[in-house]
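Notebook open, coffee poured. Here is what I looked up, in the order I looked.

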Amino acid sequence: MAGMSSSFPGTVTSSAPCVAAAAGSRHSLPQGAPRLHCKASFGDLHATFEGMRQSNNVDKIGKLADKPNLASSPPVAYQQRIGRKAVRQAVVMTRALASGGESKNILIMGGTRFIGLFLARQLVAAGHQVTLFTRGKAPVTKQLPGESDEEFSVYSSKVKHIQGDRQDFDGLKEKLTGTGFQIVYDINGREGKEVEPILDALPGLEQYIFCSSAGVYLKSDQLPHLEVDAVDPKSRHKGKLDTETLLQSKGVPWTSIRPVYIYGPLNYNPVEEWFFQRLEAGRPIPVPAPGLQITQLGHVKDLANAFVKVLANEKAYGQVYNISGSKYVTFDGIAKACAKAGGFATPEIVHYNPKDFDFGKKKAFPLRDQHFFTSIAKAETELDWAPEFSLVDGLTDSYNLDFGRGTFRKEADFSTDDMILEKLGTKTVVAA
Amino acid sequence: MALSQSLASLVLIPCSSSPSSSSSSSSLAVAASGQTFRLFLRSGSSSSSSCCSQFCTPHLSLFSSFLTEQHQRNGLRSVKRRAAGAVWNNVVVRAAAAAVHGQGESKKKVLIVNTNSGGHAIIGFWFAKDLRAAGHAVTILTVGDESSDKMKKPPFSRFSELRDLGVETVWGEPADIGVLGLSSFDVVLDNNGKTLEVVKPVADWAKASGAKQFLFISSAGIYKSTDEPPHVEGDEVKGDAGHKIVEDYLAGLGFESWASFRPQYMTGSGNNKDCEEWFFDRIVRGRPVPIPGSGLQVTNISHVSDLSSMLTLAVEKPAAANGSIFNAVSDRAVTFDGLVRLCAKAAGKEAEIVHYDPKAAGVDAKKSFPFRNMHFYAEPRAASTKLGWESKTNLQEDLKARYEEYIAIGRDKKDIKFELDDKILESLLTPVSV
């Protein structure tokens, strides 16, 4: 544990999900886990939470608090959860180093936008040599919210970069030839043919780990989606499917991860952002009727964890895993969870029939209007992985580190909201 | 000698007389070199049960070669040779049988206290059969009188099937369970009570008469509704729910092992209550199927064999099952609209779905539709992680079989009045003024 700083990106986060109580010891901290002193300053967060939650027991940071029965007790003090989360992270890191032993020479296709940001850091912290392949549009390294100066400095000194455009297949192959990467994490691949130059350049590759999507599943009346279910060759994610098929045909050990909706700080996809913007503006939240469509959100840090779990893991060779949150959620439920996460009052939710409107090219709602969720049981059983974040805790993390700080990726656009509210005769709330 | 040493872990206890039979272990007697060894295959805890499975198969060959070695080395006289040979065969047969019937666990005496009506009645029927297939002894106590009219309906009308399998079928009141002349049991399942008042006499008697394991059929209906489905074991339940009060009482009674199973809607042959039949009734007559709300509501329609396999696993792994709540459902859920489609496919017909608002139509949704008008969705996560249980059912296939039976009993010809359906359809024709 020496030198293991607890304020790894994600220190200022919460811990075990609500199902911890049910699953018993699987989610609880191991006995005798070391105490850590969290370095992050909680001053500003402290203020944010004043009066909103139970007493913040600052003196409990780093101590193992009694694990509450999360299923039925009031919200746990935020600092208590931070302490346990930090300890859990430390344990994860130790295990990563201890198990599977050797440090790997890893290439990440991507790594500067969202998933890769967190994955790269976890891999570097676990002692691997990590190189990012990007066009260089975004800075190669950028300090994450919640990441200490020290951590960021260690990370940026260790991570390497190859600049290039992966769509330039010849160039890509040339740049990778002779590099000797043992593992490739393909985080931003879209089409099967994009994989070929990489495989050609790296004949000694030990594992190709691909970020696919649960969008490949064929829509079904029976849910949840399991990895064995039928896939849809006509889906918008056809390219992801083609990539999986291609990898299978190539003989290289490969693993594919299928996330559902990913969320978390720095999310560039307007999932939680869409809800937070309406909550911030004090606006009603228009949800396609009936609002009980069930979907699933997965925190980006849990996803990064899963990616680390499959590294050099023979059990994972040739396997596909659904990775997302432990519980599913209705559309109405997401609105309520975002409100809880940001400390807003219960939102006004307005249901409408999308068929009654012509929104043109605009999306009136960020999620597909259907049930869409997967079982993560295979990953939990085979990879010894489990999501750390419950939905509210994860959205709180996202809010505190990103959207609640006033940062957004897209400017708020309420034009479709206004169309809906006008037609339904609901008084439009004027944004403050 | 080396072989006997390696077999020592199988607990070879030399003895000259047959030991008193312990209900929690099976034993094999072997005569060799003038000494009788009684081989105890320990059972009762999951860890030793799994150990037994490892002992049984690889060591069986060692054991038989041990006998042969002893046999040759000591020059057994012909009488002992015959005895050894005969008993050796016995060892082979019984060990093989033990291996087949669940890796060496002991056989249990199980009592099922079964309700005489309703959606859960079918559980006892299938569970009894599964237990018999696994070699356990079963008594099923049905509430009430054998002569009651309720016994003319399935599954009770088919109890001869149980008796043919060696199940003892008796009738009586659970409140009188102590005086019904029942022997003691290793395992008692209460598939009857919804309140403490009804279950307490059964539980108390089971404890007093030495039952080691108590199982209870509860209900997933006690979960509090949530924005984050599915219902998972450990989620909040309604505090005043009768089933919950029973569960808490059982937890405090001190059984070696107790568990509660929370089912939802079940399908299967011998069902006492309609499930998919409601859909077939309309589809087969070419009537529209009225579905309240959007039809996106998700629920579990589980084939009862998934429940009985889960219960049987709990009986065979009492330590693993101890102290646990289990959602007794299969691993897939279905939407209301989806269920119509699956039933239509099973029937080989088209179905027309019509959505309606029960309030606007002036009907009580509880009467106009067989399932709760909301998401009612649970997952069997505890069974999977604690018992290693897996669903073996396929709803589409099961509905096909159910449809065949539906036709075979002539229910498609039955004259059914669709009063509520007609009222609903009427209301949809009337334009609603805004």
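**Core of chain B**

I started at B:Leu111, which touches B:Thr139, B:Leu141, B:Ile177, B:Leu182, B:Phe185, B:Val187, B:Val188, B:Leu189 and B:Trp205, leaving out residues up to four places away in sequence; contact here means heavy atoms within 4.5 Å. Before going on, I noted that this is a predicted model, where local features need pLDDT of at least 70 and side-chain atom pairs pLDDT 80 or more, while totals for chains, interfaces and linings use all residues. Residues are numbered from 1 along each chain as written, chains are lettered from A and ligands numbered from 1 in the order written, and side-chain values use heavy atoms, without hydrogens and water.

Next I pulled up the largest nonpolar core (buried Ala, Val, Leu, Ile, Met, Phe, Trp, Tyr and Cys joined through side-chain atoms within 4.5 Å; buried is under 20% relative accessible area, exposed over 50%, partly exposed in between, with a 1.4 Å probe and protein chains only). It has 57 residues, and B:Leu111, B:Val188, B:Phe214, B:Phe279, B:Leu339 and B:Phe371 touch the most other members. Elements of chain B that each supply at least two residues include β4 (109–114), β8 (213–217) and α15 (395–408). The top contributor is α11(B), with eight residues.

**Chain B overall**

I counted 16 helices and 16 strands in chain B (DSSP runs numbered from the N terminus: H or I, at least four residues, for helices; E, at least two, for strands). Of its 434 residues, 50% count as buried. Among chain B contacts between residues at least 6 apart in sequence, 81% join residues at least 24 apart.
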